[in-house]
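Trainee: Could you take me through one part of this model closely? I would like to start with the surroundings of a bound ligand and then see what lies around them.

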Amino acid sequence: MRIGHGFDVHAFAERGQGADAVILGGVSIPHDRSLLAHSDGDVVLHALCDALLGAIAAGDIGKHFPDTDAANAGINSRELLRRCAVLVGEGGFALGNLDITIVAQTPRMAEHVDAMRKNIADDLSAPIDQVSVKATTTERLGYVGRGEGISVHAVVLLQSS
Ligand SMILES: Nc1ccn([C@@H]2O[C@H](COP(=O)(O)O)[C@@H](O)[C@H]2O)c(=O)n1
Ligand SMILES: C[C@@]1(CO)OP(=O)(O)OP(=O)(O)OC[C@H]1O
């Protein structure tokens, strides 16, 4: 059995710059600001990738998918997640369960978490009841509370396949 933890933060672009949505867990959520990133900015999937890579002691997302590589520019982070899933499988492991906490003052996530869970379960070829996604604000405290960005925590448990 292996445990992994991931944490990632992305800052919001200025209003009027970039797209009018954030992409989280592979779901496009309308918002007045998008997230700044080299990829599609899916901070949920980035934290999850880091947790999966951490669980197999394979480094982190920047090691596997550098932001200096033009091939990763604007990349759909679900593709990165699927590549991490391959590495987990090659390491002899399968998902036990995972739990993600999105820390965001806005936008509201509750209506979107089941769609995120389905995307993640599909990409990991796992049952959806092994995939948990939840959200919290910081009660307007700190950089998240000021609406400067979104942070995400992810933990995974892997079992031998
Ligand atoms: N971006 C967010 C943040 C929170 N939620 C939901 O609201 C509940 C209450 O949040 P608190 O920060 O006041 O604890 C939380 O449990 C989530 O269900 C959300 O949907 N989107
Ligand atoms: C995903 C990558 C690669 O496109 O870029 P970003 O979207 O900037 O995201 P980050 O969380 O900084 O992690 C790793 C990067 O290498």
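Mentor: Start at ligand 1 in this predicted model. Around ligand 1 sit Ala104, Arg108, Met109, Ala110, Ala135, Thr136 and Thr137. By class, that shell holds 4 nonpolar, 2 polar and 1 charged residues.

Now look at Pro107. Its peptide bond with Thr106 is cis, with omega at about -5°. Pro107 belongs to the loop between β4 (93–103) and α4.

Go next to Glu139. This residue sits in the loop that links β5 (131–136) and α5 (142–145). Its phi is positive, near 55°, and Glu139 is not a glycine.

Now ligand 2. Its shell counts 13 residues. Ala37, His38, Ser39, Asp67 and Asn72 are the closest of them. Sorted by class, the residues around ligand 2 are 5 nonpolar, 6 polar and 2 charged.

Keep the record in view as well. An unreviewed UniProt entry marks Asp8, His10 and His46 as "binding site". These residues are spread over 39 residues of sequence, yet they cluster in space. The largest C-alpha distance among them is 9.9 Å. Asp8 is part of strand β1, which covers residues 2–11.

His46 takes you to the helices. It is one of the α1 residues that meet α3. Helix α1 spans residues 43–55, and its axis lies 10 Å from that of α3. The two helices pack at an angle of about 10°. That angle makes α1 roughly parallel to α3. On the α1 side, the contact uses Leu45, His46, Leu48, Cys49, Leu52 and Leu53. On the α3 side, the partners are Ser77, Arg78, Leu80, Leu81, Cys84 and Val88. By class, this contact has 9 nonpolar, 2 polar and 1 charged residues.

Follow α3 to its other contact, with α4. Helix α3 covers residues 77–90, and helix α4 covers residues 113–124. Their axes come within 8 Å and cross at roughly 40°. The pair is therefore oblique. The crossing is right-handed. From α3, the contact draws on Arg78, Leu81, Arg82 and Ala85. From α4, it draws on Asn119, Asp123 and Leu124. The classes here are 3 nonpolar, 1 polar and 3 charged.

Notice Arg78 and Leu81 of α3. Both take part in the contact with α4. Both also appear in the contact with α1.

Last, step back to the whole span. The unreviewed UniProt entry lists residues 1–158 as "domain: 2-C-methyl-D-erythritol 2,4-cyclodiphosphate synthase". That name comes from the record. Over residues 1–158, the content is 30% helix and 28% strand. The end C-alpha atoms of this span lie 6 Å apart.

Terms used
Residues numbered from 1 in each chain as written. Chains lettered and ligands numbered in written order. Predicted model: local features only at pLDDT ≥ 70, side-chain atom pairs only at ≥ 80, totals over all residues. Axes fitted to C-alpha atoms, helices over the stretch in contact; angles between N-to-C directions. Helix = DSSP H or I, 4+ residues; strand = E, 2+ residues; numbered from the N terminus. Parallel < 35°, antiparallel > 145°, perpendicular 65-115°, else oblique. Left-handed = near helix turned anticlockwise from the far one by under 90°. Contact = placed C-beta atoms within 7 Å. Nonpolar A, V, L, I, M, F, W, Y, C, P; charged D, E, K, R; others polar. UniProt positions renumbered as here; feature names shortened; annotations may be inferred. Near = placed C-beta within 6 Å.
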